[in-house]
Amino acid sequence: MKPCRACRHEVAEDAHACPNCGAPRPARQDADAVGFEYRSAARLGALPLLHVRCPRWA
Ligand SMILES: [Zn+2]
């Protein structure tokens with residue numbers, strides 16, 4: 001058991017949401033880093049679209 005990142009309520013380490021306050025992944029201290037990785041993947045996903053356009057303009 002670990003304290004919830006948001007409200008310090010004891011939650012399971014693999015809990016997907018805090019049963020007390022509903023925070024996502026409450027046992028993880030790096031939840032913001034997960035969001036950063038998601039945004040990075042979204043940016044990388046946009047690059048192939050640019051590459052697809054290149055042959056049409058060549
Ligand atoms: Zn909580």
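Helices, of at least four residues, and strands, of at least two, are taken here as DSSP runs and numbered from the N terminus, which is the naming used at each stop of this tour through a predicted model.

Begin with the whole chain, coloured by secondary structure: one helix and two strands make up its elements, and from the N terminus on they follow the order β-β-α. Before selecting anything smaller, keep in mind that 7% of the 58 residues count as buried, and that, among contacts with a separation of 6 or more, 7% are between residues 24 or more positions apart.

Next, select strand E2 (10–11) and helix H1 (31–57), and then the loop between these two elements, where Asp 14 is found. Is Asp 14 buried or exposed? Asp 14 counts as exposed because its C-beta neighbours inside 10 Å number 9, and the cut-off for exposed is 12 or fewer. Add Pro 26 to the selection and draw a C-alpha to C-alpha distance from Asp 14, which comes to 8.6 Å across 12 residues of sequence.

Move on to Ala 15, which also lies in the loop between E2 and H1. With 18 other C-beta atoms within 10 Å, Ala 15 is partly exposed. Keep Pro 26 selected and draw the corresponding line from Ala 15: the two C-alpha atoms are separated by 6.9 Å, while the residues are 11 apart along the chain. Which residues does Ala 15 touch, once those up to four places away in sequence are not counted? Select Pro 26 and Ala 27 together with Ala 15 to display these contacts.

Methods: Residues are numbered from 1 along each chain as its sequence is written. This is a predicted model: local features need pLDDT of at least 70, side-chain atom pairs count only at pLDDT 80 or more; totals for chains, interfaces and linings use all residues. A residue is buried if 20 or more other C-beta atoms lie within 10 Å of its own, exposed if 12 or fewer, and partly exposed in between; C-beta atoms are placed from the backbone. Two residues are in contact if their C-beta atoms, placed from the backbone, lie within 7 Å.
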